[in-house]
Amino acid sequence: MASTQEKATPSFIDSTDKKSSHTSATSPASLVRKAATEVLQNWNFEESEASEDSIRKRAAVAALIRPVDPLSDTTKTASNKGIPIMTRAQTCHPLDPLSAAEIAVAVSTVRAAGATPEVRDSMRFVEIVLVEPDKQVVALADAYFFPPFQPSLLPRTKGGPVIPTKLPPRKARLVVYSKRSNETSIWIVELSEVHAATRGGHHRGKVVSSKVVPDVQPPMDATEYAECEAVVKDFPPFREAMKKRGIEDMDLVMVDTWCVGYHSNADAPSHRLAKPLIFCRTESDCPMENGYARPVEGIHVLVDMQNMEVIEFEDRKLVPLPPADPLRNYTAGETRGGVDRSDVKPLQIIQPEGPSFRVNGHFVEWQKWNFRIGFTPREGLVIYSVAYVDGNRGRRPVAHRLSFVEMVVPYGDPNDPHYRKNAFDAGEDGLGKNAHSLKKGCDCLGYIKYFDAHFINFTGGVETIENCVCLHEEDHGILWKHQDWRTGLAEVRRSRRLSVSFICTVANYEYGFFWHFYQDGKMEAEVKLTGILSLGALQPGEVRKYGTTIAPGLYAPVHQHFFVARMDMAVDCKPGEAYNQVVEVNVKLEEPGKDNVHNNAFYAEEELLRSELQAMRDCNPFSARHWIVRNTRTVNRTGQLTGYKLVPGTNCLPLAGSEAKFLRRAAFLKHNFWVTPYSSDEMYPGGEFPNQNPRVGEGLATWVKQDRSLEETDIVLWYVFGVTHIPRLEDWPVMPVERIGFMLMPHGFFNRSPAVDVPPCASDMDLKDAGIVSKPIQNGLLAKI
């Protein structure tokens, strides 16, 4: 796999020295210097891209914007305790992900606010995210403070706009778990130049608020997973149980920490609990061996994650370890005991003139699309401020915020331990926190722009996942084509799409999350599922109907994967406008009679979804059901309201019974489609803390009981899509990618196809320049036949 430098030109690569793919920040001064370099690079136009128009815009706002001063060396200005110094508020766009320096400042601020040394020492930092500002603040930033400067985003006022000298300070939101008290608290920190005297000297953050959230458990952390594995492997009764199964080398043992979910009061959040799954490799000197090929069953382990100790243990049933499967490994060639294909020739993607996209910080422009890229530890990739530049109609907003906010994987085997396998991979673990560095293996080809992601670790350190998000163009076959059968003349255009993606690993499974943008105004959300099946062991001669036998003594239980996309729509709505509504479209058959004498008639019938309870809907392929978000005050050339429609892909609903325990926490899975009016505190469909959550239907299913009006408002769509996985032998030892997703398509948004202006591909133009023109067909009728 080619390196980053081989895939991108210098103008699209961070110039900072990157020493590892997952490293901790060590020097606050270096963090600030790096942040300052990024800010200055993001602020300045690339010389190769500085058009006359951009220069004119920059000059026009020069008097309005205070220039960004170069940052001084923080090693001279920071306190002797090493607390980082923040820069001015407007050096970062309000929607930019938190920088490493900002994260370090926020942690220092929270720690300094601890009442006693014991309180400070017991703090464990679960999550830190940007407090996303009001949409009007984002509009102000895009209009006057950051390229490409779009004053049209704000409404015109008499006497001209009132422009502040700087934007409000950015804020960080931290979820902190106390190992000492088993309490979860939420802190809001203002990342400003406010000085506060603390035990560490002066710093540049200020605590805005802090509160303890009762009766919850926050997501698990990788540090806890590693500690749990070590504790279980050191537990004498566990070692004895493994010895009964012929295993004495604990280096062969894999302990996967799973949250307990909530099945009874024993799982209440008064204790932080985990029930691990156990696996065992066969070779200690083979780091890439597929250890999931030997599940260890019959052992019950319950771990207190607060005190990190085993509190329940029982060797319930001696299930023999499955024999080593000779087909278990998936590495190349001889390392897996096989031979690779020899007839695969190189396939190179070449863009000699560079990419068609432009990137300025986290702002992306491609063809007529523009948007911002964000990233959170829970959701992973976030797409902000999606808009389409439509000729003389200018910049037309489509969506304010797009992301995948939750996923649930329920298993269909009622036997222990599989009935407890109901993972909430976003809410219990974090999709972003488990993202890959694509330096270790990238599935993208061509010219790539990468984005790093900064996180907080459990002890408060800053970690960076380099090359976390991938941005690149892809050829996508035919965009449109027509040949006139009378003349033989043809016009054809190839489709190109811009893909933004990241990939994460949650235990045995991999998930790739993609947003694709197309030249005809479509957007596609796609999830690619791959990785290794979560298996169970069988007794000799045993067969289970709740799964597929993969190898002797080895079976894969049936299960489902559900994903939830949250889409804060803004179809033709500028900031501050709330002029959207949702209609459901179903195809209806015309009743036989005088209006349908030939019995062939059908038509599309629309129904306005007027309130939240009416908008709890399911997919229906028999009526080609889809949903359209329309602007109630903007029309196209035929007088119809402009809109974007959501077109479902393959989908399903939960197959578990209505009283299944996991549905207490996942009531949002009961319908494929939900609509709510925008509310800043309604972000996660199962509530913010689904881990060990005892409350029934928290989140989306509770919010909609307000039955708020949807007739003309700021619309948020929640689309739940899933796949039922009946495992195949062909899914072993590593599952070929399975794709699932949906489309957002313009519906009356444009006055014609927005793709007609895509030029012919270079090869067609070269033929015409060479004088090679396709000859008309002499006998058109014959050609048609």
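**Entry 1: strands E14, E15 and E16**

I looked up Trp366 and found it opposite Trp369 in strand E16. The model I am reading is a predicted one. E15 and E16 run antiparallel and are joined by four bridges. I noted the residue ranges as well: E15 covers residues 363-366, and E16 covers residues 369-376. The two strands form a hairpin with two residues between them. In that turn, Gln367 has a positive phi of about 50°.

I then went to the other partner of E15. Strand E14, residues 357-360, runs antiparallel to E15, and four bridges join the two. I checked Arg358 and found that its bridge partner in E15 is Glu365. E14 and E15 also form a hairpin, with two residues between the strands. Gly361 takes a positive phi near 70° in this hairpin.

**Entry 2: a salt bridge that reaches E16**

I stayed with E16 and asked which side chain meets Arg372 in a salt bridge. It is the side chain of Asp142, at 3.6 Å from N to O. Asp142 sits in helix H7 (residues 135-145) and Arg372 in strand E16, so this pair ties together parts that are 230 residues apart in sequence.

Next I asked whether Asp142 is buried or exposed. Asp142 counts as buried because its relative accessibility is 6%. Arg372 counts as buried too, because its value is 4%. The cut-off I used for buried is under 20% relative accessible area.

I wrote down one general point for myself. Side chains of opposite charge can pair when their charged atoms come close.

**Entry 3: other salt bridges**

I looked up how many salt bridges a search of the whole structure finds, and the number is 45. I followed two further pairs.

In one pair, the side chains of Glu224 and Arg272 meet at 2.8 Å, N to O. Glu224 lies in helix H8 (residues 222-233), and Arg272 lies in the loop between strand E8 (253-256) and strand E9 (273-274), so the pair ties together parts that are 48 residues apart in sequence. Both Glu224 and Arg272 are buried.

In the other pair, the side chains of Arg739 and Glu526 meet at 3.6 Å, N to O. This pair links distant parts of the chain, 213 residues apart: Arg739 is in strand E35 (residues 735-746) and Glu526 is in strand E24 (residues 523-531). I checked both ends for exposure. Arg739 is exposed because its relative accessible area is 52%, and the cut-off for exposed is over 50%. Glu526 counts as buried, at 7% relative accessibility. I also noted a network: salt bridges that share partners join Glu132, Glu379 and Arg401.

**Entry 4: Tyr509**

I looked up what the UniProt annotation says about Tyr509. The record, an unreviewed entry, has "modified residue: 2',4',5'-topaquinone" at this position. Tyr509 is in strand E23, which covers residues 509-518. Tyr509 counts as buried because its relative accessible area is 3%.

I then listed what touches Tyr509, leaving aside its neighbours within four places in sequence. Its contacts include three histidines, namely His559, His561 and His725. Also among them are Tyr411, Cys504, Thr530, Gly531 and Met735.

**Entry 5: the sheet of E8, E10 and E11**

I looked up a sheet of three strands and found that it is open, with the order E8-E10-E11 and antiparallel pairing. Which strands are at the edge? They are E8 and E11, each of which pairs on one side only. Four bridges join E8 to E10. Across this pair, Met254 stands opposite Phe279 in E10.

The loop between strand E10 (277-280) and strand E11 (295-296) holds Met288. Met288 counts as partly exposed because its relative accessibility is 45%. Together with Tyr330 and Val734, Met288 forms a nonpolar patch on the surface. The accessible area of the three together is about 250 Å².

**Entry 6: the whole protein**

I ended with the totals. The secondary structure comes to 14 helices and 35 strands. The protein has 785 residues, and 54% of them count as buried. Among contacts with a separation of 6 or more, 68% are between residues 24 or more positions apart. The protein exposes about 35,700 Å², and carbon and sulfur atoms supply 52% of that area.

Methods: Residues numbered from 1 in each chain as written. Predicted model: local features only at pLDDT ≥ 70, side-chain atom pairs only at ≥ 80, totals over all residues. Heavy atoms only, no water. Patch = residues over 30% accessible without salt bridge, like charges linked within 9 Å, V, L, I, M, F, W, Y side chains within 5 Å. Areas by Shrake-Rupley, 256 points an atom, 1.4 Å probe, with all protein chains shown as cover. Salt bridge = Lys/Arg side-chain N within 4 Å of Asp/Glu carboxyl O. Buried < 20%, exposed > 50% of the residue type's maximum accessible area, 1.4 Å probe, protein only. Pairing = 2+ DSSP bridges. UniProt positions renumbered as here; feature names shortened; annotations may be inferred. Contact = heavy atoms within 4.5 Å.
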